[in-house]
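Trainee: Please take a close look at how the helices pack in this model. Then show me where that packing meets the pockets.

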Amino acid sequence: MNCVTLVEETRAGLVENVHIGMVCGVNDRLETSYQVGNQDHYTYYRSAAKPIQAIPVFLANVITKYGLTREEAALFTASHRGETYHIDALESMLKKLPVNEDELFCPHAYPLNVKPREEMLRENRVKRRLYHNCAGKHMGFITICREFGYPIEGYWEVDHPLQQQILKILSTLSEVPISEITIGKDGCGVPVFAIPLRNMAITYLKLACPDLIEDSILQKAVIEMTSVMNEHPFMIASKQFICSLLLQDENIVAKGGAQGVYCFGLKNERLGFALKVLNGSEDVWPNIVASILEQIGYKNKETITRLRDLKPSIIKNDAGAEVGRVYERFNLGNIG
C-alpha cells in the first residue's frame, strides 16, 4: 500500500496516535509535483465529490430560472451542518424549486453540529430529510431530473441518466476512463466513486484552474460553481470547519469527504492536492493541509494561521493544561 506517517500525537512524550496515509500534488501540466506514499491508491471521494455532483445544476439555468440566491446555490455543493442559516436557506429553496422534501432519497436526520441538534432535541422536533448534510445535493439532483426530463424514481441508482451524466463529468475532469472508475454506495445512498489519489488531485486542479477544461460549457459551469463556493464559504460546512476556513481564501477551492479524504486546488499556484488519512480521521486535516501550504511556501499566511488555530499543535486536557503535542511527520519534497 506504501503509506507514510503523516501525523503523530503525543502525550507526555509518548506517541499516543499515529495517522498514516498518502498525499499527492499535481501541476498544470498534469504532472506529479509532490508525492507522499502511493499516489495511485484508489480512494473514494465521499463528499469531496459534491462539487462534481453539483455541476449539472450549474450547467442548467436552474439558479436564474427559479430565482435562487447565490448563497442558496452554494448548498448544492455543501455538507451543511444544520445551523439556522443552513436550514432557512434550504426551506427557501424548497419553496422555489420543483422539489418535495419526501422525494429526497437522503435519510431523515438531525443536524451534524451539536448546538442545533441539541436545540431540536429539547424542542422535541423530529428528524427531517432536510436536516441531512446531503440535502442540498439531493435537491439539486431532483431539480436536474425535472429539467432534463429524467425520471425521479431511482435517481440514486448508478444506471440512472443523472448518475451516468455525473460519471462522465468525473471521467472528463479526472482523466480516468469510466471503465477504470470504481463505484460504491455513499452514506446518503447515491453512487460514490473511487479513482487514484493522483487523479483526484487533477480533478481539483481543474476546479481551481478551469482554463484546463477543454469543454467551454463545462468550464463556464465550473467557474460559476467555484465562485459561489468562495463567496459563501460558511454554507459549505460552517464556522470552525476546515472547508469553510479554506474557502474564505478566494485562491482555494476545497472540499473534504468522510473517512479522511481531502482535496483542494490552488488557483494562482496552479496546483491540485488530494490526501487520504487511512484511519479515516478528519481531526488532523488542518494539520496536514497547513503543513502542505507551509512546505510549498504558500503566500497567504492568514489562511495557514486559521488552520493552525483550528487544530493547534499543543494538546490540552479538560482543565486547559498542556498534556501533549501534534507533529506533522511527512516531507512533501518537490519531484516535478
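Mentor: H12 passes H13 in a left-handed crossing (near helix turned anticlockwise from the far one by less than a right angle; clockwise is right-handed). The helices are DSSP runs of H or I, at least four residues; strands are E, at least two. The model is predicted: local features need pLDDT of at least 70, side-chain atom pairs count only at 80 or more, and totals for chains, interfaces and linings use all residues. Numbering starts from 1 along each chain as its sequence is written, and side-chain values use heavy atoms, without hydrogens or water.

The axes of H12 and H13 (residues 301–310) lie 9 Å apart, at an angle of about 155 degrees (lines fitted to C-alpha atoms over the stretch in contact, with angles from 0 to 180 degrees between N-to-C directions). H12 is therefore roughly antiparallel to H13 (over 145 degrees; under 35 is roughly parallel, 65 to 115 roughly perpendicular, the rest oblique). Pro286, Asn287, Val289, Ala290, Ser291, Leu293 and Glu294 make the contact from the H12 side (heavy atoms within 4.5 Å). From H13 come Thr303, Ile304, Leu307, Arg308 and Leu310. This contact has 7 nonpolar, 3 polar and 2 charged residues (Ala, Val, Leu, Ile, Met, Phe, Trp, Tyr, Cys and Pro are nonpolar; Asp, Glu, Lys and Arg charged; others, Gly included, polar).

H12 leads on to the largest pocket, which has a volume of about 660 Å³. A pocket is an open set of 1 Å grid points, over protein atoms alone, where a 1.4 Å probe fits, with protein on both sides within 12 Å along at least five of seven lines; lining means an atom within 4 Å of a point. Volume is the space filled by probe spheres on points joined across faces, edges and corners. Of its 28 lining residues, Arg81, Phe241, Gly257, Glu282 and Trp285 are closest to the centre. Helix H11 (242–247), strand E7 (252–257) and H12 (285–295) each give two or more residues to this lining. E7 gives the most, with 3 residues. By class, the lining has 13 nonpolar, 7 polar and 8 charged residues.

Now turn to H1, which packs against two helices. Take H6 (residues 135–148) to begin with: its axis comes within 8 Å of the H1 axis, and the two cross at roughly 30 degrees. That makes H1 roughly parallel to H6. This crossing, too, is left-handed. Lys50, Gln53, Pro56 and Val57 of H1 meet Lys137, Gly140, Phe141, Ile144 and Phe148 of H6. The contact splits into 5 nonpolar, 2 polar and 2 charged residues.

H9 is the other partner. Its axis and that of H1 are 9 Å apart, at an angle of about 110 degrees. H1 and H9 are therefore roughly perpendicular. Their crossing is right-handed. H1 brings Pro51, Ala54, Ile55, Phe58 and Leu59 to the contact. H9 brings Ile217, Leu218, Ala221, Val222, Glu224, Met225, Val228 and Met229. The classes are 12 nonpolar, no polar and 1 charged.

H1 and H9 also help to line the second largest pocket, which holds about 240 Å³ of space. Its lining runs through Val57, Phe58, Leu59, Ala60, Asn61, Val62, Ile63 and Thr64, then Ile217, Lys220, Ala221 and Glu224. Two or more residues come from each of H1 (50–59), H2 (62–65) and H9 (216–231). H9 supplies the largest share, 4 residues. This lining divides into 8 nonpolar, 2 polar and 2 charged residues. Some names recur: Phe58, Leu59, Ile217, Ala221 and Glu224 line this pocket and also belong to the contact of H1 with H9. Val57 lines the pocket as well, and Val57 meets H6 too.
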